[in-house]
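Hi,

Here is the structure I promised to pass on. Have a look at it, and then read my notes below.

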Amino acid sequence: MKVLNKPVDMIAVFYSSGRVEPVRFRYDDTPVKVDRVLKRYSEKLAGNRRLCFVCINDGSKVYELKYEVDTQVWYLFKM
Amino acid sequence: MQDRIIMHIDVNSAFLSWQAVYNLQRGHSLDLREIPSAVGGNQATRHGIILARSIPAKNHGVKTGEPVWEAKTKCPGLVLVPPDRHLYMKCSSALMDILREYSPRVQQYSIDEAFLDYTGMEKRFGPPLVLAGRLKDRVREELGFTVNIGISCNKLLAKMASDFKKPDRVHTLFPGEIKDKMWPLPVENLFMVGKRTAKKLRSMGILTIGDIASADPDLLKYKLKSHGLLIYDYARGIENSAVFPGYYMPMKGMGNSSTIPFDVENTRTARLILLSLSETVAMRLRYSRSCCSVIAVSIKYSDFRHCSHQQKLLTPVNCTMDIYRTAARLFDEAWDGSPVRHMGVRASGLDRDNHIQCSVFDHPRYAGNLQLDKAIDRIRNAYGIKSVVRACFINSGICASLGGMGSENWPVMSSTL
Ligand SMILES: [Mg+2]
């Protein structure tokens, strides 16, 4: 996987329970549907909170999405 | 009274490691801590001292506080990053949040240092040494940077201990260890012994902290006045101030000054610069929950003449506009009309802001201004210092919030514990 940290347009569900679920994002003008979230965790490096989602598409393509809480920007972090 | 357990937590090369971690989080492959790098101002605008440097830069002889150009000569490949106050605040408060989980008595002492009173917390979190080790590992795992922790029975010894071998370590310095761990160190390693005091001490044949401890207190007092007695106590590990909970940092004052990239020759420009300086001083006052009762303005002319002027206020303030108005009046009184290249605004006579006394002489919009400042601080904390800017700065070519994070602004070592 390569580190990209590229901001992306995202459609996500913010549940009333506080749970966040990425649904669909745009990568190079192509819409990508998030198949499955394998793992979720949050990080607080340098005091900067990010929600991280390790996702998988087509059964083998693993990538990582991150939501930065302060700036409210979604990143395609690794692919 | 039960012996206290005090910890001093100190971030290792704070500004630099914070920037390094932030860069890594954003996907940079380079760790600034592993290459010769430094945090420093911008040479082009005549500012420029090294605020923090990496260990590899240190090995090239780069020193904190030296001009950027000098550092560049010693180490041509030095990677420079500009200071990022907003990031430092975030790292600092994330650290303080963790510390406050372990004790209700945490005193933030500077942007990257805090005292934690662990007395009585052993029952909950275990022996101090064990907890300190856990705490430092947790900060490294969670926040990505390393700290040193010093443990003792008072603030002075805890602070001395955290300064031993770095990085990422826990040290103790209990009274029984003073003789072995502190007395062999040179005098300038003692808190509150500066370059000038060290020179005087050396001329008296006092070379180590142990020499101070065994010196004749009368002689120290004769040569160094009351300061001599203070360091005599410190050298023997005697100090008993309390850990003041909260953000409040007992400082004598905080100032902000800036060398201007051009010469200032008219009142309008001078006022803008004063406003910009007052803005940052006032923000810092409010952040540290303080207000000030003395305001001073300093002026350096382009021919290097220097003057300053100050006023004691009727009531303590921390509103941007109150500080600016006083600073502007002081400037008008002091300025002789020649070109100015450096200006400063300083607030002193600090006190906590929880008992501000209203006065009939207050500006009629005082309460409103206070609310406004609070709201603006909140926005700036969330979205950066440039998110809200006064309209008068637009197209003025002057930065709306002058002053970086020099040691003058956030004393790396303040003089009271
Ligand atoms: Mg430090």
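Before the notes, one term: by contact I mean heavy atoms within 4.5 Å. Also keep in mind that this is a predicted model.

Let me start with B:Val147, since that is where the term comes in handy. This residue belongs to strand β7 of chain B, which covers residues 147-152. Leaving out neighbours within four places in sequence, B:Val147 is in contact with B:Ile9, B:Asp10, B:Val11, B:Asn12, B:Lys136, B:Val139, B:Asp168 and B:Arg169. Is B:Val147 buried or exposed? Its relative accessible area is 0%, so B:Val147 is buried. I also looked at B:Glu113, which is 34 residues away from B:Val147 in sequence; in space, their C-alpha atoms are 9.3 Å apart.

One name in that contact list deserves its own paragraph: B:Asn12. You'll find B:Asn12 in the loop that runs between β1 (6-11) and α1 (14-25) of chain B. Being in a loop doesn't put B:Asn12 on show here: the cut-off for buried is under 20% relative accessible area, and B:Asn12 has 6%, so this residue counts as buried. Which side chain does B:Asn12 meet in a polar contact? That is B:Asn148, at 3.3 Å from side chain to side chain. If you skip residues up to four places away in sequence, B:Asn12 touches B:Ser17, B:Thr146, B:Val147, B:Asn148, B:Lys166, B:Pro167 and B:Asp168.

Another loop residue to look up is B:Ile35, located between α1 and β2 (37-40) of chain B. With 19% relative accessibility, B:Ile35 falls under the 20% cut-off, and therefore B:Ile35 counts as buried too. Apart from residues up to four places away in sequence, B:Ile35 touches B:Leu30, B:Ser54, B:Pro56 and B:Val79. The C-alpha atom of B:Ile35 is 7.2 Å from that of B:Ala57, with their positions 22 residues apart along the chain.

Now for chain B as a whole. It has 15 helices and 13 strands, and 52% of its 417 residues are buried. Among contacts in chain B with a separation of 6 or more, 65% link residues 24 or more positions apart. The chain exposes about 19200 Å², and carbon and sulfur atoms supply 55% of that.

Last, the place where chain B meets chain A. On the chain B side there are 16 residues in contact with eleven residues of chain A. The size of an interface is often given as the accessible area lost when the parts come together. For chain B and chain A, the buried area is about 1200 Å², with 53% coming from carbon and sulfur atoms.

How many salt bridges are there between chain B and chain A? The count is two. One salt bridge has the side chains of B:Glu142 and A:Lys44 meeting at 3.4 Å, N to O. There are also eight residue pairs in polar contact between the two chains, both residues at pLDDT 80 or more. The elements of chain B that give two or more residues to the side touching chain A are α1, α4 (85-99) and α6 (128-143). Of these, α4(B) gives the most, with five residues. By type, the residues on this side of chain B are nine nonpolar, three polar and four charged.

Over to you!

Key: Residues are numbered from 1 along each chain as its sequence is written. Chains are lettered from A and ligands numbered from 1 in the order in which they are written. This is a predicted model: local features need pLDDT of at least 70, side-chain atom pairs count only at pLDDT 80 or more; totals for chains, interfaces and linings use all residues. Side-chain values use heavy atoms; hydrogens and water are left out. Helices (H or I, at least four residues) and strands (E, at least two) are DSSP runs, numbered from the N terminus. Buried means under 20% relative accessible area, exposed over 50%, partly exposed in between (1.4 Å probe, protein chains only). A polar contact is a pair of N or O atoms within 3.5 Å; within protein, one must be able to donate a hydrogen and the other to accept it, and residues adjacent in sequence count only if both atoms are side-chain atoms. Accessible areas come from the Shrake-Rupley method with a 1.4 Å probe; for residues, only the protein chains shown count as cover. Buried area is the accessible area (1.4 Å probe) that two parts lose on being put together, summed over both. A salt bridge is a side-chain nitrogen of Lys or Arg within 4 Å of a carboxyl oxygen of Asp or Glu. Ala, Val, Leu, Ile, Met, Phe, Trp, Tyr, Cys and Pro count as nonpolar, Asp, Glu, Lys and Arg as charged, and the others, Gly among them, as polar.
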